[in-house]
Amino acid sequence: MLNVYDVLETIRMIQNECLDIRTITMGISLLDCISGDADTACTKIYDKITKKAENLVKCGEKIEKEYGIPIINKRISVTPIAMISAAAKGADPVKYALTLQKAADTCGVNFIGGYSALVQKGFSAGDLELINSIPEALSVTKNICSSINVGSSKAGINMDAVALMGKIIKQSAQVTADRQCIGPAKLVVFCNAPEDNPFMAGAFHGPGEPDCEINVGVSGPGVVRSAIEKYPDADLSELANIIKKTAFKITRMGQLVGAKASEMLGVPFGIVDLSLAPTPAVGDSVAHILEEMGLETCGTHGTTAALAMLNDAVKKGGVMASSHVGGLSGAFIPVSEDAGMIDAVNNGTLSITKLEAMTAVCSVGLDMIVVPGDISEETISAIIADEAAIGMVNNKTTAVRIIPAIGMSEGQTLEFGGLLGSGPVMSVCDKSCAKFINRGGRIPAPMHSIKN
Amino acid sequence: MRAVVTVIGKDSVGILAKVSGICAEYNANVTDVTQSVLQDVFAMMMLVDISAMSSDFSALSDRMTALGEELGLSIHTMHEDIFNSMHRI
């Protein structure tokens, strides 16, 4: 039997604490769209996506209405396009990006992710062409996201790809300099990329996934913060328990929405991604959770420990609430999308080096970080290499989404608006790492990857 | 299949009547009502059976929201599954 306190608690979470379903993402395999002729492949891709996702947005809106829970984004992830475009030798991969954009417009989804290549061990046919086309593809499309996996715990780190991605990120910023350098905000460089991640910009539909499935990403930093707020004197064991209970409730909602969407669309339910995903809105910040735990400002000493505990408790609470957990699952720390992180950077407490340490204990990595426009390509590559090394050695996903703000320097702010927020330009070390990056080759996989 | 209607706001005459009137209009049967008035704040939770409703669930939900705006109250109409899944194992 329902009791009034439970009902009011749920309503309060949604109304006052920004609880929402961040995304319903439909993963669609494009492996059956491969063709030696790029135009044929594009027609097949457009037809398949628009058929499979025909009712995705409508279904999301219906669920929102029925359960009274906002679903912020409806998205699609597809098979890494490099696998599809490789068959059509000599064709321009941007054609595929434009096809995805057309499909996104027809379906009315917020994003399509999967302009991607998996190159952790080396480049196969089509990979280099796709990577080199990324700046143009992200410039001529609006809702297409790209991701490149450059390393894994099993394969090591492809340093040729790391060096190349430094250039690509810089170029993406340059060609979109008149639009807040938006290009690289839609581009993620991964180590250990998950194949069922519903969150952008890194979503793609891995080759081992079913033909079509529904993945759900939940959110709710505000709910966790206000749960902690009620226990100012609890010790950390108690606090971990409180976070677990809250994460359980949030995830149950994701599970319900995913199951319902899967039933309505007749598509199997993949996973719930239990991430705490902040938005620039007041009360929706991961940094504020850490501060509520007892830090004066996010980024001070103790931040890594607090984040480690938060990340772990979120997972433990969420695991039991969901039939299948996947994706990134943990706390996100995108700087420009989190009001508390932005404040911490502006008051000089949060630096890239501290963020790097934080990425060793939370999901994802250096996310939505704005750096000076004159940063060298090698420095961007070296930042990627550092992150990939953390992911490779710790058997976890790490990623870099970094935005060189063309024409801007430290102290200025790049305004994106919307969910992407606004990013203060952060300082980077100006000492050269060019020789290291330009050596190329591969960093071998660590000893503990040899498990068989 | 049941929905939960919650009403929170300043107390006035006829809130319950208006809300249950709309339920009747859509053929949604009221099965339980809990209500309290604390220092002028009206809080009500109503369970309604929506399996034999005469129209779409979203029509009822929109109508309730509109009534809430009209009376200056916060009215939420949500499927009971969301509460059951969040608070029951």
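**View 1. The end of helix H5 of chain A and the glycine after it.** In this predicted model, H5(A) is followed by Gly108(A), whose phi is positive, near 75 degrees. The helix itself covers residues 94-107, 14 in number. From first C-alpha to last it reaches 20 Å, close to the 20 Å expected at 1.5 Å a residue. Take a look along its length for the buried positions: Val94(A), Tyr96(A), Ala97(A), Thr99(A), Leu100(A), Ala103(A), Ala104(A) and Cys107(A). As a reminder, an α-helix has 3.6 residues a turn, so residues three or four places apart point the same way.

**View 2. Two domains of chain A and where they meet.** The domain assignment splits chain A into domain 1 (22-191) and domain 2 (218-438), and their C-alpha centres are 22 Å apart. Across the boundary, 37 residues of domain 1 of chain A are in contact with 41 residues of domain 2 of chain A. On the domain 1 side, the elements giving two or more residues are S1 (21-28), H3 (56-67), S4 (144-152), S5 (156-158), H7 (159-175) and S6 (187-191) of chain A. H7(A) gives the most to that side, with 10 residues. By class, this side of domain 1 of chain A has 25 nonpolar, 9 polar and 3 charged residues.

**View 3. The largest nonpolar core, with a close look at Met165(A).** This core has 176 residues, and those with the most contacts inside it are Val150(A), Val162(A), Met165(A), Val257(A) and Ile384(A). Helix H9 of chain A, residues 236-265, gives the most to the core, with 10 residues. Both domain 1 (22-191) and domain 2 (218-438) of chain A give residues to the core, so it lies between them. Centre your view on Met165(A) and, setting aside neighbours within four places in sequence, you will find it in contact with Ile148(A), Val150(A), Val189(A), Ser381(A) and Ile384(A).

**View 4. Chain B meets chain A.** Here 18 residues from chain B and 16 residues from chain A take part in the contact. On the chain B side, at least two residues each come from strand S1 (2-10), helix H2 (57-71), strand S4 (74-79) and helix H3 (81-87) of chain B. H3(B) gives the most to this side, with 6 residues. Sorted by class, the side of chain B that touches chain A has 7 nonpolar, 9 polar and 2 charged residues.

**View 5. Confidence along chain A.** The mean pLDDT of chain A is 94, and 100% of its residues reach 70 or more. Among the elements of chain A, helix H1 (residues 4-16) has the lowest mean pLDDT, 87, and S5(A) the highest, 98.

Terms used:
Residues are numbered from 1 along each chain as its sequence is written. Chains are lettered from A and ligands numbered from 1 in the order in which they are written. This is a predicted model: local features need pLDDT of at least 70, side-chain atom pairs count only at pLDDT 80 or more; totals for chains, interfaces and linings use all residues. Domain bounds come from an automatic or database domain assignment. Two residues are in contact if their C-beta atoms, placed from the backbone, lie within 7 Å. Helices (H or I, at least four residues) and strands (E, at least two) are DSSP runs, numbered from the N terminus. Ala, Val, Leu, Ile, Met, Phe, Trp, Tyr, Cys and Pro count as nonpolar, Asp, Glu, Lys and Arg as charged, and the others, Gly among them, as polar. The expected span of a helix is 1.5 Å times one less than its number of residues. A residue is buried if 20 or more other C-beta atoms lie within 10 Å of its own, exposed if 12 or fewer, and partly exposed in between; C-beta atoms are placed from the backbone. A nonpolar core is a set of buried Ala, Val, Leu, Ile, Met, Phe, Trp, Tyr and Cys residues joined through C-beta atoms within 7 Å. pLDDT is the predictor's confidence in each residue, from 0 to 100.
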